[in-house]
Structures are given as C-alpha cells and as structure tokens.
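Subject: Structure for you to look over

Hello,

Here is the structure we talked about handing over. Please open it first, then read my notes below.

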Amino acid sequence: MATRRKARTMKSTDYPSIASMRDDPLRTMPDGPDQFADAFCQAFNKLTEEERGVLLETAERQRFQDGDIIIREGTKIDAVYLVADGHVRVEFEPLSGEIDRKRVDIAKLSRGAVFGEMSFLDQGTASASVVAAGDVDVLCIDAASIDTIMSVDATFAGRFYHSLAIILS
C-alpha cells in the first residue's frame, strides 16, 4: 500500500524577500531595482512575495543587443521569459505562398512583459521568434527551477499557472 505524502507548504523563511532582492547590487537594473521588481510582481501577482523572491533568485539574467534572436521560431522552449529592461519584437515567418515570405511583426513587448509562456505550457516549439529591439535585459526562469519549487510546495503550482493564465488572457 502506497503512503500518501503530505504536501509541504513553504514558509516565508524558505524564500528571500522581494525587499532583500531590491537591496542586492547584483540585481540592480538600469532604471533601478524597484521598478524591475514591481514589473515582475505585476506579472506574477498571484504568487506570494516569497515565491516571487525565489523566482527572481533562480532566474538567469540575459542581455541582448539590437537584432539578437532570443527565441527562434520552431525551437523547443523550456522556460518563461520576462522583459526586465528594453523592448523585444515578436515576429513570425509566413508559410510559403502567404504574403511574400518576409517576417511579420506580431507585437512589441516592453518591461514586465512575459513571453515564451505558450511554448512552456504546451511543452512544444515556439510559434514565433522573439528578437531584441535595441538593447534588452530579460530574465529566464527555466522549467527546472519552477519544478523544484513545485516539489517543495505543491500549492505553488496553482498560483504560478493562475498567473500565466492571466498573462495569456
């Protein structure tokens, strides 16, 4: 007979606080850490402050220059990205016979915008490319980090996916 393991809810002491993240010089963004943390908090507003702190702590900061491809259409994505500073373009290449095969801009995203979430959710390939529109800093939150938090706190999954659902709506 299998024993059922009780899900452990994380305590606030298990996570760094958003306030401590703001004071961390390694987390300073060009326009100041408070503006970045606020944008992150808005995107993931269903998470607790402590959970957002953990995601910020585990996220990899990446810097791109104008024209750099952050996500290439058709590639497998196992992360969620957040624009920390700057802008990105979401674009796709029409199928042969559609338009004239030039890349088509779908959207321009700025600070606080989340991308890669659709491919992350369906565990598929990217349906569009994301390209830096000028210098841009993004945070990459990989699936392994999210899975680790979920393994420690089963209730995190509901709040995390609720945040993504709001972003997609």
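One cut-off to start: a residue is called buried when its relative accessible area is under 20%. Keep in mind too that this is a predicted model.

**A buried glutamate**

E51 sits in helix α3, which covers residues 49-58. Is E51 buried or exposed? Its relative accessibility is 1%, so E51 counts as buried. E51 also comes up against a distant part of the chain. Its C-alpha lies 9.2 Å from that of F160, although 109 residues separate the two in sequence. F156 touches E51 as well. Leaving aside neighbours within four places in sequence, the other contacts of F156 are L47, L55, I146, I149 and M150.

**The helix pair α5 and α6**

How do these two helices pack? Helix α6 spans residues 154-168, and its axis passes 5 Å from that of α5. The angle between them is about 130°. α5 and α6 are therefore oblique to each other. On the α5 side, the contact uses I146, I149, M150 and V152. On the α6 side, A154, F156, A157, F160 and Y161 meet them. By class, the contact has 9 nonpolar residues, no polar ones and no charged ones.

**The cores**

The largest nonpolar core has 22 residues. Which of them touch the most other members? They are F44, L55, I146, F156 and F160. Two or more residues of this core come from each of α2 (33-43), α3, β3, β8, α5 and α6. There is also a second, separate core, with 19 residues. Among them are I70, A113, F115 and A132.

**The sheet**

Four strands form an open sheet. Their order is β1-β8-β3-β6, and the pairing is antiparallel. The edges are β1 (60-64) and β6 (114-115). Each has a single partner strand, so one side of each is left without a neighbour in the sheet. Strand β3 covers residues 79-85 and is joined to the antiparallel β6 by 2 bridges. L82 has V114 of β6 as its bridge partner. Helix α5 (residues 143-152) packs on this sheet and touches β3 and β8 (136-142). The direction of α5 makes about 45° with that of β8.

**Where to look first**

I would begin at F156. This residue belongs to the contact of α5 with α6. F156 is also one of the core residues that touch the most other members. From there, step across to E51, one of its contacts.

Best wishes

Key:
Residues numbered from 1 in each chain as written. Predicted model: local features only at pLDDT ≥ 70, side-chain atom pairs only at ≥ 80, totals over all residues. Heavy atoms only, no water. Pairing = 2+ DSSP bridges. Contact = heavy atoms within 4.5 Å. Axes fitted to C-alpha atoms, helices over the stretch in contact; angles between N-to-C directions. Buried < 20%, exposed > 50% of the residue type's maximum accessible area, 1.4 Å probe, protein only. Parallel < 35°, antiparallel > 145°, perpendicular 65-115°, else oblique. Nonpolar A, V, L, I, M, F, W, Y, C, P; charged D, E, K, R; others polar. Core = buried A, V, L, I, M, F, W, Y, C linked by side-chain atoms within 4.5 Å.
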